[in-house]
Amino acid sequence: LVDHGRSVTKGFGIRMIAIGLGNGILTNEDPVSHKRNRRLINPAFSAAALQKYADVMAAAAMRTDERWQPGQVVEMTDEMGRVTLDVVGRTLLGDETDRDARTVIDSLEVILKRFGIGFIPGATKLLDTNLPPAVKIKKAVLSMRSTVERVVTAHKQCDRSYDDIVAALLAATEDGEGFTEQQVLDETLTLMLAGFETTANALSWTWWLLDQNPEAAQRLRAELDATIGDAVPSYDDITRLPYTMATIAETMRLRPPAWILERETKEPIELGGYPMTAGQTILMSPWIIHRDPRWWGPDADAYRPDRWINADGAFDHAAPGHPRGAYFPFGAGSRM
């Protein structure tokens, strides 16, 4: 991912996803346009923008809190999907009702559930058939792309001022040139995929791990009570919540949302003494490496958020003392 980053490309699985997402920053393999598009997207994730998104996230959390009642039993994965959908819909699409966001996410899930088709020999030919899996994928692609196309068109034609990521992508320019409407569509779909399932999974696993580790849950609650109290949290509170940050980092160590990554060699390389020819597939699993006692000690399988707290009591990615590359929940190198 780092030393041989230019010698490998995304694998076949990502190329399958590209059928639905188009040529966004996840699937774009051209280094020049990828770098340019990354620069164009950056303003949508500036500190000022993140402050606004944080307010949307906090409001979504409060709506969830109001919906739950004492003694109620909920399916936490469904609930975290619901709150994440709320956030993604409002921050990306300006969707106050989550209707459009739900259509896109439902379609993405249809495609993701058939992700394994990409590893079947002749998969691209399969998609040209009228077999049920191919038909479902093609319908899902048409549904989600037409929905986002309509949203992008509305942003361009409506008199109201949108304050979301689609609006930021439409406004982004470099040397007088910006994204085409097609590129805005591709990048929006990419960000919706990146911002929904991985986030919902990380939150769901966090609740599960806290339930299994009541001392960690008690310490988290104590930090929130002392720092936030009954107030609504804001972006500025993040640095004041080191243990809260640590619980998420520790969740993504033990239960990384992207549990396996794939690359394909473009040219011969050597990895750890093993020669590889061009066209070979490499699979890397954060789930395995994040649990290796060589990097994480004898308690590598234990949920221990305090491993991310340094001597000054601050959250610190370097606090566990692991070497570079032993923690990569979302990859490493130029694609991180």
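Which residues form one aromatic cluster here? They are Trp296, Trp308, Phe315 and Tyr327, and point 5 comes back to them.

A word on the ground rules first. This is a predicted model, where local features need pLDDT of at least 70 and side-chain atom pairs count only at pLDDT 80 or more, while totals for chains, interfaces and linings use all residues. Residues are numbered from 1 along each chain as its sequence is written, and side-chain values use heavy atoms, with hydrogens and water left out.

1. **The small sheet.** Have a look at the open sheet of three strands, ordered S1-S4-S7 with antiparallel pairing. Strands here are DSSP runs of E with at least two residues, helices are runs of H or I with at least four, and both are numbered from the N terminus; two strands pair if DSSP finds at least two bridges between them. Strand S1 (8–10) and strand S7 (281–284) stand at the edges with a single partner strand each, so one side of each has no neighbour in the sheet. From one strand to the next, the twist averages 35°. Helix H1 (residues 12–21) packs on the sheet, touching S1 and S4, and its direction makes about 105° with that of S4. For that angle, axes are lines fitted to C-alpha atoms, for helices over the stretch in contact, and angles run from 0 to 180 degrees between N-to-C directions; contact itself means heavy atoms within 4.5 Å.

2. **Strand S4, in the middle of that order.** S4 (residues 261–265) pairs with S7 in the antiparallel sense over four bridges, and three bridges join S1 to S4. If you want to trace the register, glutamate 262 has leucine 283 of S7 as its bridge partner, leucine 261 has methionine 284 of S7, and lysine 10 has arginine 263 of S4. Five of the five residues of S4 are buried, so the strand is largely enclosed by the rest of the structure. Buried means under 20% relative accessible area, exposed over 50%, and partly exposed in between (1.4 Å probe, protein chains only). Both faces are covered, with Leu261, Arg263 and Thr265 on one side and Glu262 and Glu264 on the other.

3. **Two helices to check.** Helix H11 (residues 242–254) has 13 residues that should span 18 Å at 1.5 Å a residue, and its end C-alpha atoms are indeed 18 Å apart; the expected span is 1.5 Å times one less than the number of residues. In H11, 10 of the 13 residues are buried, so the helix is largely enclosed by the rest of the structure. Its buried residues pack against helix H9 (181–212), helix H10 (214–227), helix H12 (286–289) and helix H13 (293–296). Helix H4 (residues 76–93) has 18 residues and reaches 25 Å from its first C-alpha to its last, close to the expected 26 Å. H4 is mostly covered too, with 14 of its 18 residues buried. After H4 comes glycine 94, whose phi is positive, near 65°.

4. **Salt bridges.** The whole structure has 19 of them, a salt bridge being a side-chain nitrogen of Lys or Arg within 4 Å of a carboxyl oxygen of Asp or Glu. Lysine 156 pairs with glutamate 181, with the closest N and O atoms 2.9 Å apart. Lysine 156 lies in helix H7 (residues 132–157) and glutamate 181 in helix H9, so the pair ties together parts that are 25 residues apart in sequence. There is also a network of salt bridges linking Glu250, Arg253, Asp299, Arg304, Asp306 and Arg307. Glu250 and Arg253 are among the buried residues of H11. Within the network, arginine 304 and aspartate 306 come to 3.0 Å, while aspartate 299 and arginine 307 meet at 3.7 Å, N to O. Arginine 307 counts as buried at 6% relative accessibility, whereas aspartate 299 is partly exposed at 25%.

5. **Back to the aromatic cluster.** A search of the whole structure finds six aromatic pairs. Rings of Phe, Tyr and Trp (its six-membered ring) pair if their centres lie within 6.5 Å; planes under 30 degrees apart count as stacked, over 60 as edge-to-face and the rest as tilted. Tryptophan 296 and tryptophan 308 form a tilted pair, 5.9 Å centre to centre with 45° between the planes. Tryptophan 296 lies in helix H13 and tryptophan 308 in the segment after H13, so this pair ties together parts that are 12 residues apart in sequence. Tryptophan 308 and tyrosine 327 have ring centres 4.8 Å apart and planes at 55°, so that pair is tilted as well. Both tryptophan 308 and tyrosine 327 are buried, and tryptophan 296 counts as buried at 4% relative accessibility.
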